[in-house]
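The following paragraphs lead the reader through a protein structure, from its overall features to individual residues. Please keep the sequence and the model in view while reading.

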Amino acid sequence: MSAVTQNEDELDGLVRKRIRALRVAQGWSLEDLAARAHISQSTLSRIENGRRRLALDQLVTLARALDTTLDQLVETASDDVVVSPTIDAAHGLMRWPVKGDPGMSVVRRRMTEPPPDNPARMRAHPGREWLVVLSGTAILMLGHRRFRVETDQAAEFPTMLPHAIGAEGGPCEILGIFDRDARRGHRREEGGLGDEGHRESNDSRP
């Protein structure tokens with residue numbers, strides 16, 4: 001068997017297993033998914049069991065019924081599974097690109113100072129941010145509200161609200177994920193997690 005044929009067979013088997021796994025994860029029977037995809041139950045059973053050839057039109061229909069995309073259904077692991085961060089020592093940042101969306105990025109940062117009390121030092125911009133506290137306690141200022149985020153807790157918020165992040169009771173380390181619009185806002189500020197409040201509340205160590 002050639003390498004190409006072997007790879008095709010492996011992908012074929014992976015797609016069939018993925019269809020079944022996604023169906024089971026939704027708690028759907030063969031009948032449920034077949035009805036959603038407008039195909040017969042016997043056809044779906046043969047697809048999952050490898051007794052029927054995978055047709056592109058059926059894969060598109062099944063992907064839609066499973067609330068995913070054709071690309072995700074046939075996706076395989078690339079060679080560059082492990083990615084090293086880029087280091088921004090000036091702002092104390094480590095950044096990782098998120099391959100699923102070139103507009104998204106992951107940032108790790110150590111914070112030592114509390115967020116600014118003055119709302120004028122907070123910033124707002126389009127997008128959404130998600131963060132998880134790796135160690136210590138973080139304080140998220142969001143508009144006029146103050147949130148304490150403990151180790152292993154996460155926060156997600158729209159960045160159109162004025163916001164700033166800092167530490168409470170000692171250093172803390174956070175991991176943030178930014179969508180395309182939030183990342184653009186951060187690039188304009190060049191202050192790490194997005195604004196002067198973030199920039200001024202942290203040291204410059206990586």
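Consider first the contacts that join residues with a separation of 6 or more along the chain: 64% of these contacts in the protein are between residues 24 or more positions apart. The model from which this value was computed is a predicted one. Its secondary structure comprises 7 helices and 9 strands. Of the 206 residues in the protein, 39% are buried, where the word buried denotes a relative accessible area under 20%.

An instructive place to begin is helix 1, which covers residues 3-25 and contains V15. Is V15 buried or exposed? With a relative accessible area of 2%, V15 is buried, because this value is under the limit of 20%. Apart from its neighbours within four places in sequence, V15 has contacts with L54, L59, L73 and V74. One of these residues, V74, stands 59 residues away from V15 along the chain, yet the C-alpha atoms of the two are separated by 5.9 Å.

Another residue in that list of contacts, L73, belongs to helix 5, which spans residues 70-73. L73 is buried as well, and its relative accessible area is 0%. Which residues does L73 touch, leaving aside its neighbours within four places in sequence? The contacts of L73 are V15, R18, I19, L22, L59, A63 and T68. The pair of L73 and L14 is again 59 residues apart along the chain, and here the C-alpha atoms are separated by 8.9 Å.

Two of the residues in contact with L73, namely L59 and A63, are among the buried residues of helix 4. This helix consists of residues 56-65, and its buried residues are Q58, L59, L62, A63 and A65. Viewed down the axis of helix 4, these buried residues fall within an arc of 160°, and therefore they line one face of the helix. The other side of helix 4 holds the exposed residues L56, D57 and R64. A general property of helices helps in reading such a pattern. An α-helix has 3.6 residues a turn, so residues three or four places apart point the same way. After helix 4 comes D67, with a positive phi near 60°.

The next subject is the packing of two further helices. Helix 2, formed by residues 30-37, and helix 3, formed by residues 41-49, pack with their axes 8 Å apart and at an angle of about 110°. Helix 2 is therefore roughly perpendicular to helix 3, since angles of 65 to 115 degrees are counted in this way. From helix 2, the residues L30, E31, L33 and A34 meet Q41, L44, S45 and E48 of helix 3. Sorted by class, this contact contains 4 nonpolar, 2 polar and 2 charged residues.

Within helix 3, the residues T43, L44, S45, I47 and E48 are buried. For S45, the relative accessible area is 17%, a value that counts as buried because the limit is 20%. Once its neighbours within four places in sequence are set aside, S45 has contacts with L30 and R51. Helix 3 is followed by G50, which has a positive phi near 80°.

Attention may now turn from helices to strands. Strands of a sheet pair through backbone hydrogen bonds, either parallel or antiparallel. In this model, an open sheet of 3 strands shows antiparallel pairing and the order 6-5-8. Strand 6 (145-149) and strand 8 (163-167) are at the edges with a single partner strand each, so one side of each has no neighbour in the sheet. On average, neighbouring strands of this sheet are turned by 20° against each other, direction ignored.

How many bridges connect strand 5 and strand 8? Strand 5, made of residues 138-142, pairs with strand 8 in the antiparallel sense over 5 bridges. Along this pairing, I139 stands opposite G166 in strand 8.

Strand 8 completes the account. Although strand 8 is at an edge of the sheet, 5 of its 5 residues are buried, so this strand is largely enclosed by the rest of the structure. Both of its faces are covered. One side carries the buried residues H163, I165 and A167, while A164 and G166 are buried on the other.

Key: Residues are numbered from 1 along each chain as its sequence is written. This is a predicted model: local features need pLDDT of at least 70, side-chain atom pairs count only at pLDDT 80 or more; totals for chains, interfaces and linings use all residues. Side-chain values use heavy atoms; hydrogens and water are left out. Axes are lines fitted to C-alpha atoms, for helices over the stretch in contact, and angles run from 0 to 180 degrees between N-to-C directions. Helices (H or I, at least four residues) and strands (E, at least two) are DSSP runs, numbered from the N terminus. Angles under 35 degrees count as roughly parallel, over 145 as roughly antiparallel, 65 to 115 as roughly perpendicular and the rest as oblique. Contact means heavy atoms within 4.5 Å. Ala, Val, Leu, Ile, Met, Phe, Trp, Tyr, Cys and Pro count as nonpolar, Asp, Glu, Lys and Arg as charged, and the others, Gly among them, as polar. Buried means under 20% relative accessible area, exposed over 50%, partly exposed in between (1.4 Å probe, protein chains only). Two strands pair if DSSP finds at least two bridges between them. The arc is that of the directions from the helix axis to the C-beta atoms.
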